[in-house]
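The following exercises concern strand pairing and burial in a protein model. Please attempt each task before reading its solution.

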Amino acid sequence: MVFPRAARLAIGIAAAAAAIGCDDTMTGPTATPTPSTLTPTPVAAPHNVTVGQAPGVGPANVFADSVSGTSTTTIHAGETVQWIWVSGTHSTTSGSCPLGCVANGLWDSGVLSSGTFQHTFPTTGTFPYFCLVHGTMMQGTVVVQ
Ligand SMILES: [Cu+2]
C-alpha cells in the first residue's frame with residue numbers, strides 16, 4: 001500500500017508539529033521537571049563465556065561461549081561479554097598470537113582462578129584474545145557486529 005503524496009506530507013507535518021509541541025512543553029517556563037519520563041535504557045544481560053571447563057566435560061583450557069559453544073562470541077556494538085572462571089588458572093587478555101601471544105591493551109583480566117571479568121565493546125570489529133597462562137593453546141575471538 002502506498003500513501004498518496006499529500007497524505008505522506010500531512011503525516012510528516014503532524015509528526016513535526018508533535019515534536020515541536022513536545023519541545024515547547026519541555027522548555028517553557030511553566031514546565032515542571034519530569035525525571036520519571038527519562039526511561040533508562042534496558043541493560044541487556046552480558047554474553048557469558050566460560051573460562052576453563054568443569055572436570056570431565058571437555059578440554060580444560062578453553063574459552064566456551066554460552067551461545068555458540070565455541071571460542072567465538074558474536075555480539076552487537078555496545079554489548080558486554082562476561083567471562084566466568086570455571087576451572088584452572090587463566091586470563092582473558094586482548095591480543096593475538098601470530099608469533100607468540102602479544103597483548104594489545106584493550107582488556108586484560110589478569111590471571112585468575114575464579115570469579116568473573118567483563119568488557120564492553122562499543123565499536124564493531126573482530127577482537128582476538130588469549131590466555132596469558134596457556135598462550136596459543138587457549139584463544140578466543142569476540143566478533144562485534
Ligand atoms: Cu588458560
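**Exercise 1: The partners of β9**

Thr73 stands opposite Val142 in β9. This is a predicted model, in which local features need pLDDT of at least 70, side-chain atom pairs count only at pLDDT 80 or more, and totals for chains, interfaces and linings use all residues. Residues are numbered from 1 along each chain as its sequence is written.

Task: determine in which sense β3 and β9 pair, and in which sense β8 and β9 run.

Solution. Strands are DSSP runs (E, at least two residues; helices are H or I, at least four), numbered from the N terminus. Two strands pair if DSSP finds at least two bridges between them.
1. Strand β3 (residues 72–75) pairs with β9 (residues 135–144) in the parallel sense, over four bridges.
2. Strand β8 (residues 125–131) runs antiparallel to β9, with seven bridges joining them; here Phe130 has Gln139 of β9 as its bridge partner.
3. Three residues lie between β8 and β9, which form a hairpin.

**Exercise 2: The open sheet**

Task: state the strand order of the open sheet of four strands.

Solution.
1. The order is β2-β1-β4-β7, with mixed pairing.
2. At the edges are β2 (63–65) and β7 (116–120), each pairing on one side only.
3. Strand β4 (residues 80–85) pairs with β7 in the antiparallel sense over five bridges, and Val81 stands opposite His119 in β7.

**Exercise 3: Burial**

Task: find what percentage of the 145 residues is buried.

Solution.
1. A residue counts as buried if 20 or more other C-beta atoms, placed from the backbone, lie within 10 Å of its own.
2. Buried residues make up 19% of the protein chain.

How values were computed. Buried ≥ 20, exposed ≤ 12 C-beta atoms within 10 Å, placed from the backbone.
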